[in-house]
Amino acid sequence: YIRSERSIILVNFCFSILASNLLILLGQSQTLNKGLCTVTAAFLHFFFLASFCWVLTEAWQSYLAVIGKTRSRIIRKRFLCLGWGLPALVVAVSVGFTRARGYGTASYCWLSLEGGLLYAFVGPAAVIVLVSLSIIEVRYPRPIYC
């Protein structure tokens with residue numbers, strides 16, 4: 001069971017939560033060094049989005065288990081691409097478009113509220129939550145009462 005898909009998803013989810021919490025504890029207030037603050041904010045953006053993506057991956061894996069889809073290495077690679085690749089893509093695009101402006105402020109190392117960079121986190125997170133909820137709805141439909 002240690003190498004099962006659920007275990008791999010759970011370990012990656014726990015790692016993303018642990019990394020984001022460590023970054024908050026150690027780097028959130030490192031505003032004196034602008035470069036370190038920018039890197040901390042970008043990694044926080046990445047690890048928080050990764051946490052949402054791993055929840056989506058868990059929902060997807062649960063759905064595949066319910067419909068009886070066979071397990072394969074291709075599905076496992078897709079889980080890893082979704083869990084780590086999608087957040088990396090969002091952060092890379094955000095950093096590229098903003099040229100890292102908006103990552104970190106004078107008082108904290110997180111996404112700036114000015115300039116709309118916060119929507120690069122809120123938007124994907126909201127879409128991920130909606131997709132996860134729709135997968136869960138398919139897995140556990142509500143009973144119809146007459």
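Me: How many residues does helix α1 have, and how far does it reach?
Reply: Helix α1 covers residues 5-27, so it has 23 residues; helices here are DSSP runs of H or I, at least four residues, numbered from the N terminus. From its first C-alpha to its last, α1 reaches 32 Å, close to the 33 Å expected at 1.5 Å a residue. The expected span is 1.5 Å times one less than the number of residues.

Me: Where does this model come from?
Reply: This is a predicted model: local features need pLDDT of at least 70, side-chain atom pairs count only at pLDDT 80 or more, and totals for chains, interfaces and linings use all residues. Residues are numbered from 1 along each chain as its sequence is written, and side-chain values use heavy atoms, with hydrogens and water left out.

Me: Back to α1. Which of its residues are buried?
Reply: They are E5, I9, N12, S16, A19, S20 and G27. Buried means under 20% relative accessible area, exposed means over 50%, and partly exposed is in between (1.4 Å probe, protein chains only).

Me: What about spacing in a helix?
Reply: An α-helix has 3.6 residues a turn, so residues three or four places apart point the same way.

Me: New topic. How many salt bridges are there?
Reply: The count is one. A salt bridge needs a side-chain nitrogen of Lys or Arg within 4 Å of a carboxyl oxygen of Asp or Glu.

Me: Which residues form it?
Reply: E58 pairs with R6, and their closest N and O atoms are 2.7 Å apart. The pair links distant parts of the chain: E58 sits in helix α2 (residues 34-67) and R6 in helix α1, 52 residues apart.

Me: Are E58 and R6 buried or exposed?
Reply: In between. E58 is partly exposed at 21% relative accessible area. R6 is partly exposed too, at 44%.

Me: Now L82. Where is it?
Reply: L82 is in helix α3 (residues 73-98). L82 is buried, with a relative accessible area of 18%.

Me: What does L82 touch?
Reply: Leaving out residues up to four places away in sequence, L82 touches C53, L56, T57, W60 and P87. Contact means heavy atoms within 4.5 Å. L82 and T57 are 25 residues apart in sequence, yet 7.0 Å apart in space, C-alpha to C-alpha.

Me: Last one. What is phi at R99?
Reply: R99 has a positive phi of about 55°, although it is not a glycine. Most residues other than glycine have a negative phi. R99 lies in the loop between α3 and α4 (119-139), and it is exposed at 65%.

Me: And A100?
Reply: A100 also has a positive phi, near 65°. A100 is in the loop between α3 and α4, and is partly exposed at 26%.

Terms used. Helices (H or I, at least four residues) and strands (E, at least two) are DSSP runs, numbered from the N terminus.
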